[in-house]
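Student: I should be grateful for a close look at a single part of this protein. Could you choose one helix and explain how it fits into its surroundings?

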Amino acid sequence: MRTLPLATRSLSGLVLPQRCGGCGDALPPAVPDPWCVHCRDRSGPVAGGWPAGRDGCAGWAAAIYRGPVRRGILAAKRGGPQAATALLLRRLPPDLAPPGSIVTWVPGHPLRTVGAPDAGRALATAVAVRAGLPLRPLLRRSPLGRRQAGRSDLERCAEPHRLGLSARPVPHGTSVVVVDDVRTTGTTLDHAAELLRAAGAAEVVAVVVAAAPSSLDR
Ligand SMILES: [Zn+2]
């Protein structure tokens, strides 16, 4: 039963956080939100939505990818406090997607997620539960695909098919919510939406914790 303490720890991290997701400072017990007052103030207003653009994927971001929000997301990627999830849920719009939508996520690179949590999956699970929508692994990622981390915006925009993403069949006419932690250039989410539409999705909308400021203008 080696998984039980881990699961218990991540659950208590969500419900009774002990550390601020932005700065790592200790928090008083039983605070409902894993952010200290300072980092919460600096996490900024809701970033809002972005339009689909040509062949792209419209979506919504809970915050701008900078400061404590950025640190919280990077910490969650490393298996730290799930403060990014709490931030997303706190700001999630109630009319996220039409009834009957399916929630899915952009899988992390298989080599990155060996022995580490898949940040997108954890976020999508929380969103699905909150929205009362089913969660399905509609996207796959080949271990032969390219990793995005450490690449420049220009490199990310080029050749998205080299990410190694593919979509499983989607029930025809279903709307899909794709959850990810960060939208940097939008290339990955646009490509995921294209694959999901080709697999049968009627409409694809993205939900992310944070978007790079520049990506909201595109
Ligand atoms: Zn803090």
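Tutor: Let us take helix 3 and begin with what covers it. The model is a predicted one, and the neighbours that cover the buried residues of helix 3 include helix 2 (37-42), strand 2 (58-64), helix 4, helix 5 (119-131), strand 6 (175-183) and strand 7 (203-211). The buried residues themselves are Pro 68, Val 69, Gly 72, Ile 73, Ala 75, Ala 76 and Lys 77. In the protein as a whole, 43% of the 218 residues are buried.

Consider next the partner helix. Helix 3 spans residues 67-77 and helix 4 spans residues 83-91; their axes are 7 Å apart and meet at an angle of about 125°. Angles from 65 to 115 degrees count as roughly perpendicular and those over 145 as roughly antiparallel, so helix 3 is described as oblique to helix 4. On the side of helix 3, the contact is formed by Val 69, Gly 72, Ile 73 and Ala 76, and helix 4 contributes Ala 83, Ala 84 and Leu 87. Sorted by class, the residues of this contact are six nonpolar and one polar, with no charged residue. Just beyond the end of helix 3, Gly 79 adopts a positive phi of about 90°.

Helix 3 also has strands beside it. It lies across strand 2, strand 6 and strand 7, and its direction is at about 110° to strand 7. These strands belong to an open sheet of five strands, which has mixed pairing and the order 1-2-7-6-3. Strand 1 (48-50) and strand 3 (102-105) are at the edges of the sheet; each has a single partner strand, so one side of each lacks a neighbour in the sheet. From one strand to the next, the twist averages 25°.

Within the sheet, one pair deserves attention. Strands of a sheet pair through backbone hydrogen bonds, in either a parallel or an antiparallel sense. Strand 2 and strand 7 pair in the parallel sense, over six bridges. As an example, Ile 64 has Ala 211 of strand 7 as its bridge partner.

Finally, helix 3 may be placed in the whole chain. The protein has seven helices and seven strands, and from the N terminus on they follow the order α-α-β-β-α-α-β-α-β-α-β-β-α-β. Of the contacts with a separation of 6 or more, 71% join residues 24 or more positions apart. The surroundings of helix 3 show such a mixture of elements, since helices and strands are both included among what covers its buried residues.

Conventions. Residues are numbered from 1 along each chain as its sequence is written. This is a predicted model: local features need pLDDT of at least 70, side-chain atom pairs count only at pLDDT 80 or more; totals for chains, interfaces and linings use all residues. Axes are lines fitted to C-alpha atoms, for helices over the stretch in contact, and angles run from 0 to 180 degrees between N-to-C directions. Helices (H or I, at least four residues) and strands (E, at least two) are DSSP runs, numbered from the N terminus. Angles under 35 degrees count as roughly parallel, over 145 as roughly antiparallel, 65 to 115 as roughly perpendicular and the rest as oblique. Two residues are in contact if their C-beta atoms, placed from the backbone, lie within 7 Å. Ala, Val, Leu, Ile, Met, Phe, Trp, Tyr, Cys and Pro count as nonpolar, Asp, Glu, Lys and Arg as charged, and the others, Gly among them, as polar. A residue is buried if 20 or more other C-beta atoms lie within 10 Å of its own, exposed if 12 or fewer, and partly exposed in between; C-beta atoms are placed from the backbone. Two strands pair if DSSP finds at least two bridges between them.
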